Amino acid sequence: MGRRIEKAVVLGAGTMGSRIAAHFANAGLPCVLLDILPPNLPSDAPPAERAKIVRAGLEAAKKSRPAAFFTASLADKIAIGNFEDDLGRCAEADWIIEVVAENLEIKRRLLARVAQFRKPGAIVTTNTSGLPVQLIAESMSEEFQQHWAGTHFFNPPRYLKLVEVIPGPRTSSEVVSALGEFCDRRLGKGVVIAKDTPNFIANRIGTYSMLNALRLMDTLGMTVEEVDACTGPAVGWPKSATFRTADIVGLDVLVHVVKNIYETAPNDESRERYKVPAMVEEMVKRGWLGDKTGQGFYKKVRGEGEKEILALDVKTMEYRPRQKAKFASLEMGKAIEDTHERLRALVGPLLEGQKGDKAQQFIWGGLSEMCLYAARRVPEISDSVVDVDRAMRWGFGWELGPFEMMDAIGVKAFATQVQKEGRAIAPVIEKVLASGRKGFYESEKGAATVFDICTGGTKKVEEPRGVIILKSLKEAGREIEKNSGASLIDLGDGVVCCEFHAKMNAIGADLIAMMHKGLKRLETDFDAMVIANQAVNFSVGANLMLVLVAAQEQEWDELHMAVKQFQNVNLAIKYAPKPVVAAPQGMALGGGCEVSLHAAKIQAAAEAYIGLVETGVGLIPGGGGTKEMLIRANEHAAGGEDLDLFHALKPVFEGIAMAKVGTSAEECRELGYLRREDGVSINRDRLVADAKEAALALARGGYKRPAANWQEGAQATQIKVLGEEFLAGAKLVIHMMVRGGYASEYDAHVGRKLANILAGGPLTASQTVSEQYVLDLEREAFVSLCGEKKTQERIAHTLKTGKPLRN
């Protein structure tokens, strides 16, 4: 990167400003957060009083859920101050980002003051979501405007991938490039270039879609729950769907955005749709703004023991118990895993002249109107259909953007049905059909092309430099082995990747077999191996259904064998002749965590949620996870930190017994699942490429095989255990947890089994044991717990509900 951004100043400590500052801290970027002085403050007020507003903003960020910081300690990277005393600190910044109230004059006055301190060449941006970027800085100097742009983050900034970069008329291309590169590589963002039009790309289309859902709800006489059932995972949208999303965002914010578009987009042919519905006006009038006021389209009330969620009856404007939406089409859709296929199945009957049920009518009406609107907005809001699709995927969490949706349905079939209904199709759709293409996107041998709306021709879909897409490699013929659960892919440069692609990437025989095949190919054909995939989750653990069936059938020998096979493949990973790097992202739970723990190195996504969670279903980690954490406790005790093994084991025991999961890679490091030398990729799109580079670095650095083979390694590696000394302490902890109501009697039973393994058994004195010895203890405990009725009840409950059972 030519330009270096080493320090930032954030102006405005409200919800967005404080959370943007938090994410800068997550990225390791020192940051100064400033805001106004409290009103009516005496001139001799102490500094703490003068920083009251900014401190409140930072404290709110520290307490926010979901967490704004990767770990609580990162808040220390943020210095605070106020606009009167500390605006001079802008002189230190390479990037100054303004996040104050959405008022043109307030922003202009603040920028004029910032200009007095800003060093030449420093980038200044606004996080406005609706004001014209050009107007905010039009009175500033030429040099200022060359370094000026919009950078629209989405809330919450840590979790939503999108940043819309909006150049002004004088913004230099070097500044646009520098912002894009920094947001991608340091902040982990997906960057799209948006034009300076009302509400840019994502909010323009997303707001239209939400208003259209409200209109269709009224037309079809549907409930809040029915609309959310039609606009959630059924169509590849988040579980928050339409109205839960509105409650999270806030109805006051929604009204502001709607009114802004109505006022600033006079030439939008759908402008009259941007009128706040009477029902929403009434809700705002009553103060029903969503989560911030405790009620919106949904309301949480304290029921018997736990909170009950009520839903708004839009006809009576009263709350009532939530009712499950029941549509045959949506039930049918649940059986279809692929979103492209599911969309075709849901709208297909309407394209064939059938009426469909109410859900299908809603889905077709909502999606077709949204897609037509998006098609009419190009090239007004963007010159790239790829950027429009990415904006909706990254900013709203959709699996497919509008142009990808039309492709999934079939552009020709889509256009035919729209015209049959008397609606006009957008010029860009006509151009695609006239070009002879089947859709906006086409892919051949891993190379994707897209329709170029500016030229009417075709151009390559560009991924950021250095990003590896496993699907594209497979389409390009780089898949060298495959079964129903996993594949081996040649990443190039002598690196092979074992990719999981089973349902939820649950560990089963197919995945174990492919890992063994990968390790065999590693010995003869490759220099390094990566275990990675690009699903939502790395792996949710063992296939619990198979475990439950085997336990209910009392197939103890088969269970012993299955656990031993998993232990053996993990040992083979650990003692491979060449380096193996695991690259977990999303959830890496139970067995997924155990695979990672055995790798020579972990390269984790920043948003990796790693944990040994087996106790939640009445089991203990049986694939070597308990053993690896015991080894790490030994490393910790020997690390010169004046920590004995007993005290190093205590947090390991508590973490596994309480099924603790790290909520970020850095928290996973604190829990011991990542070692100090393990890497983190803040942009998960770069995770596979980063893992490949980490594997190559190990190979080129003279990687030494830990043992001649895994059988020898399992016997030769010696682990210190404490026996009864640790068991006694662990049993006391268990007793106190039961007495305090933190654990049930059965939790205590499982906890004692776990403690026995970490202690190395009931030994009278500390001694060293082999890895195989500890693995045998793990396996015996795992299989014996499978035979317990309460464990079987817990597994069955988790499979049915997705939640653990306390029994």
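What span should the 19 residues of helix H23 have at 1.5 Å a residue, and how far apart are its end C-alpha atoms? The expected span is 27 Å and the ends lie 27 Å apart, so the two agree.

A quick note before the views: this is a predicted model, where local features need pLDDT of at least 70, side-chain atom pairs count only at pLDDT 80 or more, and totals for chains, interfaces and linings use all residues. Residues are numbered from 1 along each chain as its sequence is written, and side-chain values use heavy atoms, with hydrogens and water left out.

**View 1. Helix H23, residues 556-574.** Helices here are DSSP runs of H or I with at least four residues, strands are runs of E with at least two, and both are numbered from the N terminus. The expected span of a helix is 1.5 Å times one less than its number of residues. Look for the buried residues of H23, among them Leu 559, Val 563 and Phe 566. Buried means under 20% relative accessible area, exposed means over 50%, and partly exposed is in between (1.4 Å probe, protein chains only). The run from Gln 567 through Asn 568, Val 569, Asn 570, Leu 571, Ala 572 and Ile 573 to Lys 574 is buried too.

**View 2. Two neighbours in sequence on helix H33: Thr 798 and Leu 799.** H33 covers residues 789-801. Thr 798 counts as buried because its relative accessibility is 17%, while Leu 799, at 36%, counts as partly exposed. Leaving aside residues up to four places away in sequence, Thr 798 touches Leu 544, Val 617, Lys 803 and Pro 804; a contact here means heavy atoms within 4.5 Å.

**View 3. Tyr 208 stacked on Tyr 373.** The whole structure holds 17 aromatic pairs. Their ring centres (Phe, Tyr, and the six-membered ring of Trp) lie within 6.5 Å; planes under 30 degrees apart count as stacked, over 60 as edge-to-face and the rest as tilted. In this pair the centres are 3.9 Å apart, with 5° between the planes. Tyr 208 sits in helix H8 (residues 202-220) and Tyr 373 in helix H15 (residues 358-377), so the pair links distant parts of the chain, 165 residues apart. Both rings' residues are buried: Tyr 208 at 2%, Tyr 373 at 0%.

**View 4. Trp 237 with Trp 398.** This pair is stacked because the ring centres are 4.2 Å apart and the planes meet at 10°. Trp 237 is in the loop between H9 and H10, and Trp 398 is in the loop between H16 and H17, so parts 161 residues apart in sequence are tied together. Trp 237 and Trp 398 are buried.

**View 5. Two cis peptide bonds, at Pro 156 and Pro 379.** Most peptide bonds are trans. Asn 155 joins Pro 156 through a cis bond with omega about 0°, in the loop between strands S6 and S7. Val 378 and Pro 379 do likewise, with omega about 5°, and Pro 379 lies between H15 and H16.

**View 6. Positive phi at Phe 200 and Met 317.** Phe 200 has a phi of about 60°, sits in the loop between strand S8 and H8, and is buried at 0%. Met 317 has a phi near 60°, lies in the loop between strands S10 and S11, and is buried at 13%.
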